[in-house]
Every structure is written in structure tokens, then in C-alpha cells.
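Thank you all for making the time this morning. I would like to walk through one model with you, beginning with its sheet and ending at the ligand.

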Amino acid sequence: MSTFISELPKVELHLHIEGTLEPEMVFALARRNGITLDYQDESALKAAYQFADLQSFLDVYYQGMQVLLTEQDFFDLTWAYLVRAYADRVRHVEIFFDPQAHTGRGVPLAAVVSGIHRALEQARQQWGLTSRLIMSFLRHLSEAEAFETLHHAEPFRQQLSGIGLDSAEKGNPPTKFSQVYAAAREQGYRLVAHAGEEGPAGYIRDALDILQVERIDHGVAAITDPPLMARLAQERIPLTVCPLSNLKLNVIKSMAEHPMLQLLHAGLCVTVNSDDPAYFGGYMNANFEALQQGLGASNEELLQLALNGVEACWLSPEEKAVLTREIRDYGEQAGIALQH
Ligand SMILES: Nc1ncnc2[nH]cnc12
Ligand SMILES: [Zn+2]
């Protein structure tokens with residue numbers, strides 16, 4: 001691991017907390033909760049982590065999270081992620097969770113939100129690691145079910161900063177959720193959505209124009225649509241890109257084909273994130289390293305990607321200024337002076 005990457009201060013904006021469930025923890029929680037798994041041991045489970053596409057990943061992902069039952073389970077899951085993020089010099093995180101994947105199994109929303117939130121609060125107190133929490137609707141379910149979830153979340157409004165949209169993208173366009181996004185906007189939530197991961201560039205446009213999101217999760221399909229790219233650059237709409245995820249889910253054939261640097265040099269606010277690191281082969285530093293090793297990204301480009309993460313995050317302007325200064329100083333110590 002290059003020390004430039006490992007010591008670079010970072011922000012993570014696209015992380016599904018359920019996607020940080022490592023095989024060891026799947027088995028530990030199954031034992032604790034008296035659940036029998038379909039897999040003999042951890043290596044048998046790991047062997048199932050071969051994905052042809054997004055859906056084949058989602059099947060394993062929803063199965064794995066069935067071991068999460070109690071507030072303590074969600075605390076332990078989140079804490080284990082935060083320990084890894086802190087070790088990767090992540091200074092601020094914006095975390096997704098999938099409420100419907102838990103309430104649909106009879107787990108109370110209070111247990112989910114409280115366990116995650118307690119861990120986030122502990123990381124802030126112990127390390128100054130700041131965070132936001134984003135509740136994602138599952139797009140393979142109906143808009144009526146998303147409305148129900150929005151309603152159930154009302155008691156936890158203070159702990160939730162934003163609304164997201166994830167799960168199977170193809171055939172579940174942003175337009176399916178236009179009413180519930182309008183309602184969430186009325187309630188003062190910040191809005192993001194997965195778009196242009198496996199789906200077409202048109203879904204990115206619809207997420208912006210119809211859902212009125214301020215940030216696009218993934219968005220790599222923008223590379224196929226030059227007018228859309230020009231708009232994303234002009235408006236500095238952030239894309240939370242996940243290089244190792246794109247590789248593991250066959251969105252790209254090899255890291256050398258990843259559009260990250262083309263998007264960066266076209267003036268887009270692209271950022272580096274880990275998505276579901278327990279399933280895709282690595283956390284934040286591994287994603288930066290994949291760009292360096294597989295795509296030939298320079299330290300200067302990696303520094304700009306880290307700065308974009310700060311620009312795209314939901315910290316206050318004052319907090320952003322502090323982090324931006326820290327990253328710029330870090331670059332200057334490494335002999336990199338960016339233009340602006
Ligand atoms: N990469 C991804 N795309 C869509 N939904 C997800 N849920 C968890 N990870 C996801
Ligand atoms: Zn995602």
C-alpha cells in the first residue's frame with residue numbers, strides 16, 4: 001500500500017452499512033442469535049462472492065444480513081466498519097442503510113437506527129470522526145412501501161440526514177419514486193439516488209430532474225452521454241463512484257477501463273467510495289489503490305478526488321474548509337500544489 005494513499009485524509013459518501021458485514025461477523029452473529037446458515041464455514045461463504053451482475057450480488061447481500069437482529073448487532077456492525085474507516089484515515093462518512101431489508105424480517109426500525117447511530121456517536125466522541133446517516137428505499141419494492149417506510153421513520157427524523165434509492169436498478173427507474181421523493185423533500189430530507197450503475201444515463205437525468213437529487217450514487221453511465229457529462233460538470237453535481245464495486249459487478253471489464261479519470265478531467269465532481277467493501281474486495285484505501293495500480297492514477301489525481309469528497313459532503317462550510325485545508329497541506333508536503 002502506498003503511504004501517500006494510506007495517510008491521505010478522506011471522506012466516504014457511498015457506503016452501505018450492511019455491505020460491511022464480513023464473513024467472520026456473519027458466523028459470529030449467527031452463533032449469537034441461534035441462526036443456522038446455509039454455508040458450512042467462512043470460506044464456503046466467501047466462495048459465494050463471485051458476482052455476474054448487480055442482481056447476483058444483491059441475492060447474497062440480502063441473505064447475509066439476515067443475521068442482523070438486535071440493536072447490539074447493528075452497533076457491532078457499524079463499529080467494526082468505523083474502526084476500519086478510521087484506520088484508512090477516513091475523517092467523515094455518510095452511511096446508507098436499507099430499512100426495508102430489516103423491517104421486512106420483523107426487525108424494529110428503532111433497533112436498526114439506534115444501533116447504527118450509537119456507533120456513529122461513539123466514533124465522533126472518540127476520534128472526531130463525523131458522519132451522516134442516509135435511509136435508502138429499495139427500488140425493487142413499490143412506491144407505496146417506500147411511503148410506509150418514510151412514515152415509520154418519523155420518530156427518527158433527527159438521526160436521518162437524507163434519503164437514498166438502491167437495489168435492482170434495471171426496470172426500476174427513478175420516476176417510480178417521484179411522489180415519495182417529493183414528500184421527503186417537503187420533510188426537509190437531503191436527497192440522493194443510485195443511478196447509472198447498471199441502468200442507462202437517462203436514469204441519471206431523471207434522478208436530477210424528477211427526484212431532484214443533489215448527488216448521484218455511481219453515475220458512471222454518464223460517460224456514454226457527453227451532453228449529460230457537460231451538465232454534471234457545469235453544475236458540479238457530485239458522483240459517488242465505487243471502483244472496486246464496478247469491477248466486481250462487471251460494470252467494467254477491467255480497472256484499466258474505468259471512466260473515473262475521464263470524468264475527473266472533464267470537470268466532474270467525482271469521488272472515491274467503497275459501496276459494499278466486505279463483498280467487493282476492499283475498503284477506502286483499497287479503492288484508491290485500485291485506481292493507482294489499475295488505472296494509473298497519479299498522486300495529484302488522487303488528491304483531487306479526495307478534495308472532491310469534501311466538496312460533495314454534507315458537513316458545514318466551516319468544517320469543509322478545515323478538511324480541505326488539511327488535504328491541501330498534505331498534498332503540499334508531498335510536493336503537490338493544485339491550481340485552485
Ligand atoms: N451497488 C449497489 N447498487 C444498488 N444497490 C445496492 N445495495 C447495496 N449495494 C448496492
Ligand atoms: Zn451503492
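**From the sheet to the ligand**

Let me begin with strand β4, which is mostly covered, since five of its five residues are buried. Please keep in mind throughout that what you see is a predicted model. If you look at how the side chains of β4 are arranged, Gly-162, Gly-164 and Asp-166 point one way, while Ile-163 and Leu-165 point the other way, and all of them are buried.

Which strand is joined to β4 by five bridges? That is β3, residues 130–138, which runs parallel to β4, itself residues 162–166. Within this pairing, Ser-136 stands opposite Gly-164 of β4, and Leu-138 has Asp-166 as its bridge partner in β4. On β3 there is also a helix to point out, namely α7, residues 109–127, which lies across both β2 (90–97) and β3 and runs at about 160° to β3.

Stepping back to the whole sheet, eight strands form an open sheet with parallel pairing, in the order β1-β2-β3-β4-β5-β6-β7-β8. Its edge strands are β1 and β8, the latter covering residues 270–272, and each of these two pairs on one side only. On average, and ignoring direction, neighbouring strands of this sheet are turned by 25° against each other.

Another helix worth a moment is α10, residues 201–209, which is mostly covered, with seven of its nine residues buried. Among those buried residues are Tyr-203, Ile-204 and Leu-208, but also the charged residues Arg-205 and Asp-206. What covers the buried residues of α10 includes β5, β6 (215–218) and α11 (226–235).

Now to the ligand. Which residues surround ligand 1? They are His-16, Gly-19, Leu-54, Tyr-61, Asp-166, Ser-167, His-194, Glu-197, Ser-245, Asp-275 and Asp-276, so you will recognise Asp-166 as the residue of β4 that we met as the partner of Leu-138. By character, this shell divides into two nonpolar, five polar and four charged residues.

The UniProt record, in an unreviewed entry, places the feature "binding site" at His-14, His-16, His-194 and Asp-275. These positions span 262 residues in sequence, yet no two of their C-alpha atoms are more than 11.8 Å apart, so they gather at one spot. The record, again as an unreviewed entry, also lists Asp-276 for "binding site".

Let me take three of these residues in turn. His-16 is found in strand β1, residues 10–16, and it counts as buried because it has 26 C-beta neighbours inside 10 Å. Not counting residues up to four places away in sequence, His-16 touches Phe-96, Asp-98, Asp-275 and Asp-276.

His-194 belongs to strand β5, residues 190–195, and with 29 C-beta neighbours inside 10 Å it counts as buried as well. Leaving aside neighbours within four places in sequence, His-194 is in contact with Leu-165, Asp-166, Glu-169, Asp-217 and His-218, and two of these, Leu-165 and Asp-166, bring us back to β4.

Where does Asp-276 sit? Its place is in the loop between β8 and α14 (277–280), and, with 26 C-beta neighbours inside 10 Å, Asp-276 counts as buried. With neighbours within four places in sequence set aside, Asp-276 is in contact with His-16, Gly-19, Tyr-61 and Ser-245, each of which also appears in the shell around ligand 1.

Methods. Residues numbered from 1 in each chain as written. Chains lettered and ligands numbered in written order. Predicted model: local features only at pLDDT ≥ 70, side-chain atom pairs only at ≥ 80, totals over all residues. Near = placed C-beta within 6 Å. UniProt positions renumbered as here; feature names shortened; annotations may be inferred. Helix = DSSP H or I, 4+ residues; strand = E, 2+ residues; numbered from the N terminus. Buried ≥ 20, exposed ≤ 12 C-beta atoms within 10 Å, placed from the backbone. Contact = placed C-beta atoms within 7 Å. Pairing = 2+ DSSP bridges. Axes fitted to C-alpha atoms, helices over the stretch in contact; angles between N-to-C directions.
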